[in-house]
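Here is a short briefing on one protein structure. Please keep the sequence and the 3D view open while reading.

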Amino acid sequence: MKKVLLAMSGGVDSAACAILLQKKGFEPIGVHFKFWPLNNRCCTLRTEQKARKICQDLKIPFYVFDLKKQFQKEIVKPFLKSLSQGVTPNPCVWCNRKIKFKTLEKYRKLLKADLVSTGHYAILKDGSLFQAKDKKKDQSYFLWQLEDLKNILFPLGELKKEEVRKIAKDYNFSRESQEICFVENKLEDFLKKHLKEKKGDIIFQGKKVSEHQGLFYYTIGQRKGIDLANGPFYVLKKDVKKNNLIITKDEKDLFKKELKMKKVNWLEKVSFPLECSAKVRYRG
């Protein structure tokens, strides 16, 4: 029987993973990561207890690993720095590459497990990464920077979210997982706490129409949060040098004919020119 090191958040998805792995003849080993030192929804003792209880009910081993210092250094600080530079980062992508799967692989070897697994909605086939069956829940978008896929299982990839909920509910597991784990309530509140506000001008058609409290509060294409009369308005550009937020009323101004990609991670050999499609945001 193959042993599988399974990341356990205490939510529905990881619970369903454990159940499915057992049904398929694997021997799961539950591991829970402590990522963030604050008293928030992801990393509270209560969350750890939920994960522990699931493992106890399923009679599988359970381990807890404290990764708070590493997470603070490699994820939270770069996240805040990128925002202050006018970039909209995706910390989950970084975490999967730099911390979560590296840690799983490290302890897979130490605990002499054969494979690792998570509750991500994605499909692995012939060494390549594909979108999950449930396109609304697909999380392959968060996994694109992974390089070594040979020891990974994604049991939820071929299932719809409704099916996953039913599997967990049959075992009386019903807690849903959260989004950005280190954001306690609203992202705006988190940023206010960790970044100094820097007032600047909001520019529409070349003229100042209002002030913003910090460019890091905004994302290109954002509509909500621009409280001006005669809206809606959209964020068109963030001029970091001048600390100006450029807005537009015409959504078509946001559309572009070209883009630049950086840090491309090819999971298979490709030849150019290459015709393909791209996903630029979750659920996009």
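In which sense do strand β1 and strand β4 pair, and over how many bridges? They pair in the parallel sense, over three bridges, with β1 covering residues 3-7 and β4 covering residues 115-117. The model is predicted. The points below cover two sheets and the helix α3.

**The five-strand sheet**

- This sheet is open, and its order is β3-β2-β1-β4-β7. Its pairing is parallel.
- The edges are held by β3 (62-66) and β7 (152-153). Each has a single partner strand, so one side of each is left without a neighbour in the sheet.
- Between β1 and β4, one residue pair can be named: L6 has S117 in β4 as its bridge partner.
- As general background, strands of a sheet pair through backbone hydrogen bonds, either parallel or antiparallel.

**Helices across that sheet**

- Helix α2 (residues 45-58) lies across β2 (27-34) and β3. It runs at about 155° to β3.
- Helix α4 lies across β1, β2, β3, β4 and β7. Its angle to β4 is about 145°.

**Helix α3**

- Does the span of helix α3 agree or disagree with its number of residues? It agrees: at 1.5 Å a residue, the 17 residues (68-84) should span 24 Å, and the end C-alpha atoms are 22 Å apart.
- The helix α3 bends by about 25° at V76. A proline, P78, follows within four residues.
- V76 is also one of the buried residues of α3. The others are F71, I75, F79, L80, S82 and L83.
- What covers these buried residues includes α4 (91-110) and α6 (187-194). Helix α4 thus appears twice in this briefing, as it also lies across the strands of the five-strand sheet.
- After α3 comes G86. The phi of G86 is positive, near 90°.

**The four-strand sheet**

- A further open sheet has four strands in the order β9-β8-β11-β10. Here the pairing is mixed.
- Its edge strands are β9 (207-212) and β10 (234-239). Each of these pairs on one side only.
- Neighbouring strands of this sheet are turned by 30° against each other on average, direction ignored.
- Within the sheet, β8 (residues 200-204) and β11 (residues 244-248) run parallel. Four bridges join them.
- Which residue of β11 is the bridge partner of I202? The partner is L245.

Methods. Residues numbered from 1 in each chain as written. Predicted model: local features only at pLDDT ≥ 70, side-chain atom pairs only at ≥ 80, totals over all residues. Heavy atoms only, no water. Expected span 1.5 Å × (residues − 1). Bend = angle between axes of the 7 residues up to and from the residue. Buried < 20%, exposed > 50% of the residue type's maximum accessible area, 1.4 Å probe, protein only. Contact = heavy atoms within 4.5 Å. Pairing = 2+ DSSP bridges. Axes fitted to C-alpha atoms, helices over the stretch in contact; angles between N-to-C directions.
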